[in-house]
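Biologist: I should like a close look at one part of this model, followed by an account of what lies around it and elsewhere in the chain.

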Amino acid sequence: MNTKKDIAIIGLGYVGLPLAVEFAKHFRVIGFDINESRVKSLGDLVDLTHEANLPDLAAVLALTGQGKGLSLSSHLHDLASCCIYIITVPTPIDHLKRPDLQPLLKASEMIGSILKKEDIVIYESTVYPGCTEEDCVPVLERVSGLHYNQDFFCGYSPERINPGDKINTLTKIKKVTSGSTPEIAQAVDALYATIITAGTHLAPSIKVAEASKAIENAQRDVNISFVNELALIFDRMEIDTSDVLAAAATKWNFLNYKPGLVGGHCIGVDPYYLAHKSEALGYKPEVILSGRRVNDNMGMFVANKIIKMLVARNKQIQGAKVLILGFTFKENCPDTRNTKVIDIYKELQSFSIQADIHDPWANHAEVHLEYGIDLITENDFIAYDAVILAVAHHAFQKIDFKSWKDKGTIIFDTKSFIDRAAVDARL
């Protein structure tokens, strides 16, 4: 493969945009997204995901026409000159928690319509083992009329972006690579090696690379579910989970995971992809699914804990006022996909409790559109019966929780983030 040919990055979100910027420092890159407003914003150096290094983005946009650099488009015909297509679209789950491959398959259809002989399609979207060759390749073949591994080739290199992390960025995380033939695998590995300073790991097959990504997040999910279950147990014992973990962590080989809400587009989703494939093959994965059940119920537990604490203080439940701090799926990040804070909110509402949500990172318009919730600002704060710290944004450090507590407000900390003297209970 001649890696000096144009590269198209399909999807300019949390994964695709940093990838496009890094590749554009070495190659001619076209960043493609079906969202025209997203493309325009990036052209104006506005990135709502906060993932791009804006000076780097400006630099590669200015390089266009010099044998490298980045151009942006929402028009498919602009990609016709490309020979390498890297697909980074979302792979969510539906309301039944089944894999939703529609974005991936639609992207494959689009690329299939412009695919040429000798082209290479690389997938980065998280999928179950076998998805690339069993689900995506047939679409590419059908639409293009070309034959897999004769006329065109594929690779798979799972994304490892950690949204909001400014230390472990794209180039500093070792990259797993793979290809549909030994020669293509080597070429794909060499391509990524040009930008990944942490190095690459060439997997023996696409399916192995897919499986490696699936178990990365499933492992974390199971580990977090264990400490979440411990939190449920220790709550009944009336001992503090963080105290127990601090004591246990004095042993050198203890894995010090923390309890909390497990949402987002990776840990809260990817295990369902692995479970789906496993069940399709006749095996029900007990450990993976039991971990998912525990983690999926943590929002309800937090809400019900607040209700019990209100009852214990003789507070009227109906009409009680509760403030939830944080709505994104993790701290210092604007991503609200699959946030589990919504579970706390809905459970409180089912008891006719007035629940307000404040999040300085979340996009108010997107939250309203996706969840039907109007976020409030600090200027909208009122007297609350309880405050729940759901997301540990650094911005919340300036809040005077102690004064709230002194006035009788219940303070519940799901992240062990607040000064312990200022809280009534922690997860």
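Biologist: How many bridges join strand 2 to strand 3?

Modeller: Strand 2 (residues 28-32) and strand 3 run parallel and are joined by five bridges. One of the pairings places Gly31 opposite its bridge partner Leu72 in strand 3. The model is predicted, with local features needing pLDDT of at least 70 and side-chain atom pairs pLDDT 80 or more, whereas totals for chains, interfaces and linings use all residues. Numbering starts from 1 along each chain as its sequence is written, and side-chain values use heavy atoms, without hydrogens and water.

Strands 2 and 3 belong to an open sheet of six strands with parallel pairing, in the order 3-2-1-4-5-6. (Two strands pair if DSSP finds at least two bridges between them; helices are DSSP runs of H or I with at least four residues, strands runs of E with at least two, numbered from the N terminus.) At the edges are strand 3 (69-73) and strand 6 (153-156), each of which pairs on one side only. From one strand to the next, the twist averages 20°.

Two helices lie across this sheet. Helix 4 lies across strand 1 (7-10), strand 2, strand 4 (84-87) and strand 5, at about 165° to strand 4. (Axes are lines fitted to C-alpha atoms, for helices over the stretch in contact, with angles from 0 to 180 degrees between N-to-C directions; contact means heavy atoms within 4.5 Å.) Helix 5 lies across strand 5 and strand 6, running at about 140° to strand 5.

These helices also pack on one another: helix 4 (residues 102-112) and helix 5 (residues 131-144) meet at an angle of about 35°, with their axes 8 Å apart. On helix 4 the contact is made by Leu104, Leu105, Ser108, Glu109, Ile111 and Gly112. Their counterparts on helix 5 are Cys131, Asp135, Cys136, Val139, Leu140, Arg142, Val143 and Ser144. By class, the residues of this contact are eight nonpolar, three polar and three charged. (Ala, Val, Leu, Ile, Met, Phe, Trp, Tyr, Cys and Pro count as nonpolar, Asp, Glu, Lys and Arg as charged, and the others, Gly among them, as polar.)

The loop that leads from strand 5 (120-123) to helix 5 holds Tyr128. The whole structure has eight aromatic pairs. In one of them, the ring centres of Tyr128 and Tyr273 are 6.2 Å apart and the planes stand at 35°, so the pair is tilted. (Rings of Phe, Tyr and Trp, the last by its six-membered ring, pair with centres within 6.5 Å; planes under 30 degrees apart are stacked, over 60 edge-to-face, and the rest tilted.) Tyr273 lies in helix 9 (residues 270-280), 145 residues from Tyr128, and the pair thus links distant parts of the chain.

Further along the chain, helix 7 (residues 206-237) packs against helix 10 (residues 286-296) at about 50°, with axes 8 Å apart. Helix 7 contributes Asp221, Val222, Ile224, Ser225, Asn228 and Glu229 to the contact, and helix 10 contributes Val287, Ile288, Gly291, Arg292, Val294 and Asn295. Five of these residues are nonpolar, four polar and three charged.

A second open sheet has five strands in the order 10-9-11-12-13, again with parallel pairing. Strand 10 (354-358) and strand 13 (425-426) each have a single partner strand, so one side of each lacks a neighbour in the sheet. Strand 12 (residues 410-413) pairs with strand 13 in the parallel sense over two bridges, and Asp413 stands opposite Arg426. Helix 12 (residues 341-350) lies across strand 9 (321-325), strand 10 and strand 11 (386-389), at about 175° to strand 9.
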